[in-house]
Amino acid sequence: FRLSGSRPSVVAVWSVLDVPDVKLDRANIHVVAAAFKLYLRQQAQSILSAKCRKQLLAVINAASGDDGAQAALGRTLAATVNEHVASTDELDHRRILHRVLLLMDRMRANADVNLMTTHNLAVVFAPNLLPQPELPTVADLAKAALANAQGGADAAAKDLLAAVNDGKDDLKVLELLLQHYRHIFTEPYVVTDDNKSRAAPARRYELQRLTELDWSTLLLRARVRAYRNNQVVLKAGDALSCLYRVRKGRVAVFSGNGDVVDTLIELDIFGELSLLGVTHSAETIKAKGACSVWEIDSGFLQTLLLIEPELGKRFYGSLAFELAWRVEHAITIISENKSIGGGGAGG
């Protein structure tokens, strides 16, 4: 991140970052890092808005020197970030911020090798995540230097001083966000009146034990697939090698005889039996309208859960909740069908 690649190469990589399943394995790592920073800067609005930055600074300054406020600082930062990223575009910004802080934390864990301490990471990423003022031109600076030498004041000099102070504040904001990011991204997805129509029902296991931070980790190498209405996502008998999670829209689950037995909505999962040794799908999954789905390779997932044992415990515990619910749900449906068909002798 501290070394930049050639601009044509950076722009070439940046231009394909939104392409699903784009392969960057062979690209120069410095070029990819520079393209990623360019991607962050090219957002229509900065990832953290000026209003959010101002509020975060107020929170940080109010907590300075107050032990009680310092203890609650993580929760206050979380509330502030969530308050300012509660609408459409900002929801995507929240996901981006989450991924960036997760990446920064992983780099910080190896600071003894890569020298990327919390401060150095803030220096690299602050200009890409926070709104930046327009700096004075070289001509303005020369004019300011002359004015100062003559004992006068100049607007360009004041602007430069303000920009320097803003830069220091940006570092302060990002350093504390990185230190406390686990407080910001540890709450599970909460169903509210605003998101009820697009949120997963409470019985879904990700609302039980897995947090947003967990899912960011699980989705690190996920592929995104888009489907048209009624297009087959997974066919009965197909090899089962992925865990799937609905990203947008809905999918319908068909039994072996063609009956719709369930509808899965955003954040729901399927294909989880691939993690328990089941090699082929027993059901057919079709798109119910236009939708997109995350695919997480089961082999990658199993390896990840081995090297992240605490995440593994939460994941498999949550999976047990999900499977238990499905068994109970299936028994209920069978009982209801029997009642409808006549539950007397021979029913």
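# Salt bridges, burial and contacts in a predicted model

Reader: Is C242 buried or exposed?
Author: In this predicted model, C242 has a relative accessible area of 4%. A residue under 20% is classed as buried, so C242 is buried.

Reader: How many disulfides does the structure hold?
Author: A disulfide is a covalent bond between the sulfur atoms of two cysteines. Two cysteines, C242 at 4% relative accessible area and C291 at 6%, both count as buried. Disulfides are counted where cysteine sulfur atoms lie within 2.5 Å, and the number in this structure is zero.

Reader: How many helices and strands does the protein chain have?
Author: The chain has 347 residues, and buried residues make up 38% of them. Its accessible surface comes to about 19,400 Å², with 55% belonging to carbon and sulfur atoms. The secondary structure comes to 14 helices and eight strands.

Reader: Among contacts between residues at least 6 apart in sequence, what percentage join residues at least 24 apart?
Author: The count leaves out pairs that are fewer than 6 apart in sequence. Of the contacts that remain in the protein chain, the share joining residues at least 24 apart is 75%.

Reader: How many salt bridges does the structure hold?
Author: Among them are R53 with D170, R223 with E295 and K313 with E310. The total for the structure is five.

Reader: Which helices does the salt bridge between R53 and D170 tie together?
Author: The closest N and O atoms of R53 and D170 are 2.5 Å apart. R53 belongs to the helix of residues 50-63 and D170 to the helix of residues 155-179, so the bridge links parts that are 117 residues apart in sequence. These two helices are α3 and α10.

Reader: Is D170 buried or exposed?
Author: Its partner R53 has 12% relative accessibility and counts as buried. D170 has 2% relative accessibility, so D170 too falls in the class called buried.

Reader: How many residues apart in sequence are the parts tied together by R223 and E295?
Author: The side chains of R223 and E295 meet in a salt bridge at 3.4 Å, N to O. R223 is in strand β1 (residues 223-227) and E295 in strand β8 (residues 291-297), so the separation of the parts they tie together, in residues, is 72.

Reader: Which of the two partners, R223 or E295, counts as buried?
Author: R223 has a relative accessible area of 27%, which makes R223 partly exposed. At 8% relative accessibility, the buried partner is E295.

Reader: Which helix holds both K313 and E310?
Author: The salt bridge of K313 and E310 has an N to O distance of 3.4 Å. K313 is exposed at 58% relative accessible area, while E310 is partly exposed at 48%. The two residues lie three residues apart, about one turn, in helix α14.

Reader: Which residues are joined into one network by salt bridges that share partners?
Author: R223 and E295 form a salt bridge. Shared partners give one network, and its members are R223, R225 and E295.

Reader: Which residue caps the N-terminal end of α2?
Author: Helix α2 covers residues 29-41 and reaches 19 Å from first to last C-alpha, close to the 18 Å expected. Its buried residues are V31, A33, A34, A35, K37, L38 and L40. At its N-terminal end, the backbone nitrogen of H30 lies 2.8 Å from a side-chain oxygen of the capping residue, N28.

Reader: Which residues does D238 touch, beyond those up to four places away in sequence?
Author: D238 sits in the loop between β2 and β3 and is partly exposed at 29% relative accessible area. Its C-alpha is separated by 8.9 Å from that of T284, 46 residues along the chain. The residues D238 touches are T279, H280 and S281.

Reader: What is the C-alpha to C-alpha distance between R250 and S292?
Author: R250 is in the loop between β3 and β4 and is partly exposed, at 40% relative accessible area. S292 is in strand β8 and counts as buried at 7% relative accessibility. The pair is 42 residues apart in sequence, and the C-alpha distance is 8.4 Å.

Reader: Which residues does S292 touch, not counting those up to four places away in sequence?
Author: S292 lies in strand β8. The residues S292 touches are V224, R225, A226, V246, R247 and K248.

Terms used: Residues are numbered from 1 along each chain as its sequence is written. This is a predicted model: local features need pLDDT of at least 70, side-chain atom pairs count only at pLDDT 80 or more; totals for chains, interfaces and linings use all residues. Side-chain values use heavy atoms; hydrogens and water are left out. A salt bridge is a side-chain nitrogen of Lys or Arg within 4 Å of a carboxyl oxygen of Asp or Glu. Helices (H or I, at least four residues) and strands (E, at least two) are DSSP runs, numbered from the N terminus. Buried means under 20% relative accessible area, exposed over 50%, partly exposed in between (1.4 Å probe, protein chains only). The expected span of a helix is 1.5 Å times one less than its number of residues. A polar contact is a pair of N or O atoms within 3.5 Å; within protein, one must be able to donate a hydrogen and the other to accept it, and residues adjacent in sequence count only if both atoms are side-chain atoms. Contact means heavy atoms within 4.5 Å. Accessible areas come from the Shrake-Rupley method with a 1.4 Å probe; for residues, only the protein chains shown count as cover.
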